[in-house]
Amino acid sequence: MAIMVMDTALNKTVLAAAIFAILPADTFAGEWQFTPQLIIDETYTDNVNSSVNEKASSLVSQTGVKLSTLFSSKKLNFTFDAKSLYAMYTHDHDTDDDYHTLDSSFRLKLGPKGLALIGSAAISNQSRNNSRNALADIVSGDTIRVENYSGGLQYTINNSDFIVGTGIQYQTTKSQDGIGEREGYAIKFLSENGSAARNVYWDASSEYSDATNQGRDGQLFKGEVKIGLITGYKITPFIRYYDETNEGDLVNNSSSLESDSYGGGLRWLISPRLLLDLSYNTPTGTQLNLDGKEQQDYAAATIRWEPSQRTTLIIDYGQRFYGESYGFDFVHKNKRLTNTISYVEEVKAFTRNNYESVALGSFWCPQGDIADSSNCFVNNNDNIDFDNYQLVNLNDFVLVEDLGLSLNKELLWSSELALPRTTFSVELSKLTRENLNTRTQDENKKASFAIKRKVSGKSNINFMLEYTDTHFLLGQESGRQDRYRRYSLEYDKSLNSKLTVKLGVSHLNRSSTTQSFNYEEDRITLKFSKGF
């Protein structure tokens, strides 16, 4: 694996060098920052296999290098963060392996008019199967390498007459196990009037993607246009058109995944920084919704509020092929407090979030809801009263190729309070994924709370609480719910300007409605980072 990754990196390095060689010399008239690091990470775990019964301890030694580069000039912005580690496990050296991560991007201006060449590359080690272990990492070893690459053109212009932002990118995703791979391109466009507009205002946005995998193809399009008249009053009329089409080999022929409508409305400029758009819309033709019923007329609304340069709020409401649709985006920053909240509803394809239920077997369990499979009888010689027991089929979940469309509703909330010596941070998220072919749903919820305390000029203490809740086949008898609770405490100290040491302890508890997946794990970590 190391040879393949190094060959890939070498090919991309040669290509990048060839591109930069033909660029004008003034492109590189900027500031370079280069930070190499040597990393030694020793982690002891008392349950390296995440097992409920057969626990095995291991000392996991990770040794490697990290390279960080930042370049900024008038024409080129480039970032590169890469890390390469080799992990050794004392319990089983057959599992020794190397791991690589990458996060890189660039933006090169092609002239003074707003045209730019953009690209990005990312390599990550993700959990191989969230149903097995949603918190899998290098120490547990149950990870998979996922690579994402993109490149294309971007054009932006912002003046008093109009604002335009558009771009086209080629995108590809590759994974070590071949699941969730995709290849295609994406196009985005947005435009709105500038401050000098006197008669007409407009607001237009659209996005289109075309991706393929294993000979199957999916095209996703969504666009909205508002055009209105500027008058001397705070309330002005506008017309609205909305179009959404999801089609290709991934769409079930019995489903309608289109939302086309037109209508008219009013814009109320409540204040110079607060406006409300309200419209009444009629679907075109006789489109059916996801439940097979004819789509009806509906009201749509948008609120935009910018009370200051540090605060922005956007709320959207409307109707799409699956029913009511919402959007929310809030950002607030001041000297000490930062809040970011977003809610997005998106149709996706070729993800690594599609799970298939497989049978573990049939078991005699007490009557009623089965919250813990340990109460079930699996031995044939057990004497039980069958009047008080029921035969239950218990299931597991395997990650399978996602050759269909899914509706993803995601809420993200991040808050940070930075005091002179102490920083508090809270992160909340909830993702509900509905398979649009089977209409089944999965849910993933996360919450974390962290306190970072500066105890001296060169040392800090970090305390973190994390909670993860994954629910497969939500609301179904064969579903399963897993809860992870992790508590960690870390102490880091800078011994000098180049050497940092970190000592940490953590405890992880997993509880599942399938008892065989329950486990606990304790870790002790000692990490050294040496810069040059």
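# Strands, cores and cavities in a predicted model

Mentor: In this predicted model, alanine 447 stands opposite tyrosine 467 in E23.

Trainee: Over how many bridges do E22 and strand E23 pair, and in which sense?

Mentor: The facing residues alanine 447 and tyrosine 467 give one example from this pairing. The hairpin that E22 and E23 form has two residues between the strands. Strand E23 covers residues 459-472, and its pairing with E22 is antiparallel, over 13 bridges.

Trainee: On the other side of the account, which strand is joined to strand E22 by 13 bridges and runs antiparallel to it?

Mentor: Here one can begin from aspartate 442 in E22, which has arginine 433 opposite. The hairpin concerned has five residues between its strands, and arginine 439 in that hairpin takes a positive phi near 65°. The strand that 13 bridges join to E22 (residues 441-456) spans residues 422-435 and is E21.

Trainee: Is asparagine 460 buried or exposed?

Mentor: Asparagine 460 belongs to strand E23. Setting aside residues up to four places away in sequence, asparagine 460 touches Lys452, Arg453, Lys454, Val455, Glu490, Tyr491 and Asp492. Because the cut-off for burial is under 20% relative accessible area, asparagine 460, with a relative accessibility of 12%, counts as buried.

Trainee: Where does leucine 473 lie, and what is its phi?

Mentor: Most residues other than glycine have a negative phi. Leucine 473 counts as buried, because its relative accessibility is 13%. Its place is in the loop between E23 and strand E24, the latter covering 480-494. Although leucine 473 is not a glycine, its phi is positive, at about 50°.

Trainee: What relative accessibility does phenylalanine 350 have?

Mentor: Phenylalanine 350 sits in the loop that runs between E17 and strand E18 (355-366). Its phi is positive, about 55°, although the residue is not a glycine. Phenylalanine 350 counts as buried, because its relative accessibility is 3%.

Trainee: Which residues of the largest nonpolar core touch the most other members?

Mentor: In soluble globular proteins, nonpolar side chains tend to be buried together. The largest nonpolar core of this model has 14 residues, and those that touch the most other members are Leu257, Leu290, Phe321, Val347, Leu405 and Leu436.

Trainee: Which elements give two or more residues to this core?

Mentor: Valine 347, one of the core residues named above, is in contact with Leu220, Glu244, Asn246, Arg320, Phe321, Leu405, Ser406, Leu407 and Leu436, once its neighbours within four places in sequence are left aside. The elements that give two or more residues to the core are strand E17 (337-349) and strand E20 (405-418).

Trainee: How many residues make up the second, separate core?

Mentor: Among the members of this second core are Ile39, Val60, Leu85 and Ile138. The core is separate, and its number of residues is eight.

Trainee: In E14, which residue is the bridge partner of leucine 278?

Mentor: One can follow the pairing from strand E12 (residues 258-271), which ten bridges join to strand E13 (residues 274-283) in an antiparallel arrangement. The hairpin between E12 and E13 passes through two residues, and glycine 265 has serine 279 in E13 as its bridge partner. From E13, eight bridges lead to the antiparallel strand E14 (residues 298-308). In E14, the partner of leucine 278 is alanine 301.

Trainee: Which element supplies the largest share of the lining of the largest cavity?

Mentor: A search of the whole structure finds two cavities of 30 Å³ or more, and the largest cavity holds about 50 Å³ of space. Its lining consists of Gln171, Arg182, Glu183, Gly184, Tyr185, Ala186, Ser209, Asp210 and Ala211. Strand E8 (182-193) and strand E9 (200-213) are the elements that give two or more residues to this lining. The largest share, five residues, comes from E8.

Trainee: For the protein chain as a whole, what percentage of the residues count as buried?

Mentor: The protein chain has one helix and 26 strands. Of its contacts between residues at least 6 apart in sequence, 54% join residues at least 24 apart. The chain exposes about 29200 Å², with carbon and sulfur atoms supplying 55% of that area. Of its 532 residues, the share that count as buried is 37%.

Methods
Residues numbered from 1 in each chain as written. Predicted model: local features only at pLDDT ≥ 70, side-chain atom pairs only at ≥ 80, totals over all residues. Heavy atoms only, no water. Core = buried A, V, L, I, M, F, W, Y, C linked by side-chain atoms within 4.5 Å. Buried < 20%, exposed > 50% of the residue type's maximum accessible area, 1.4 Å probe, protein only. Helix = DSSP H or I, 4+ residues; strand = E, 2+ residues; numbered from the N terminus. Contact = heavy atoms within 4.5 Å. Pairing = 2+ DSSP bridges. Areas by Shrake-Rupley, 256 points an atom, 1.4 Å probe, with all protein chains shown as cover. 1 Å grid on protein atoms, 1.4 Å probe; cavity = no way out; pocket = protein on both sides within 12 Å on 5 of 7 lines; lining within 4 Å. Points joined across faces, edges and corners; volume = space filled by probe spheres on them.
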